[in-house]
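Subject: A structure to look at, and some notes on it

Dear colleague,

Please find the structure below, followed by some notes that you may like to read slowly with the picture open beside you.

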Amino acid sequence: MPQARPPQDPAAKGGAILHEDDIGSGEKTPAEKETEEMIKEIPPLKDSKDQQQQG
């Protein structure tokens, strides 16, 4: 007769999930933070007025 397994604690193997930002808290997710950092690295476009004067 097989022995019953003792119940496992989900927190023992779900660390990353438990430390995610709360969806309803208004906190930014790690993906949103990474996207903002990538956007900051993009150089700004030249003014459209500058382009019209050169053309």
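The term pLDDT stands for the predictor's confidence in each residue, on a scale from 0 to 100, and you will need it here since this is a predicted model. For the protein chain the mean pLDDT is 74, and 56% of its residues reach 70 or more. Among the elements of the chain, helix 1, which covers residues 15-18, has the lowest mean pLDDT at 58, whereas helix 2 has the highest at 92. Where pLDDT is low, the predicted coordinates should not be read in detail.

As for the overall layout, the protein chain has 3 helices and 0 strands, so that, reading from the N terminus on, its elements follow the order α-α-α. Of the 55 residues in the protein chain, buried ones make up 2%. The accessible surface of the protein chain comes to about 5,900 Å², and carbon and sulfur atoms account for 55% of that surface.

Which contacts between side chains might you look at next? Side chains of opposite charge can pair when their charged atoms come close, and the structure holds 2 salt bridges.

One of them joins the side chains of lysine 28 and glutamate 36, with a distance of 2.3 Å from N to O. Are these two residues buried, exposed or in between? Lysine 28 counts as partly exposed because its relative accessibility is 37%, and glutamate 36 is likewise partly exposed, at 33% relative accessibility; the class of partly exposed residues lies between the cut-offs of 20% and 50%.

The other salt bridge is formed by lysine 40 and glutamate 37, whose closest N and O atoms are 3.6 Å apart. Where do these two residues lie along the chain? Both belong to helix 2, which spans residues 30-40, and they are 3 residues apart there, which is about one turn of the helix. With a relative accessible area of 61%, lysine 40 is exposed, whereas glutamate 37, with a relative accessible area of 45%, is partly exposed.

With best wishes,
A colleague

Key. Residues are numbered from 1 along each chain as its sequence is written. This is a predicted model: local features need pLDDT of at least 70, side-chain atom pairs count only at pLDDT 80 or more; totals for chains, interfaces and linings use all residues. Side-chain values use heavy atoms; hydrogens and water are left out. Helices (H or I, at least four residues) and strands (E, at least two) are DSSP runs, numbered from the N terminus. Buried means under 20% relative accessible area, exposed over 50%, partly exposed in between (1.4 Å probe, protein chains only). Accessible areas come from the Shrake-Rupley method with a 1.4 Å probe; for residues, only the protein chains shown count as cover. A salt bridge is a side-chain nitrogen of Lys or Arg within 4 Å of a carboxyl oxygen of Asp or Glu.
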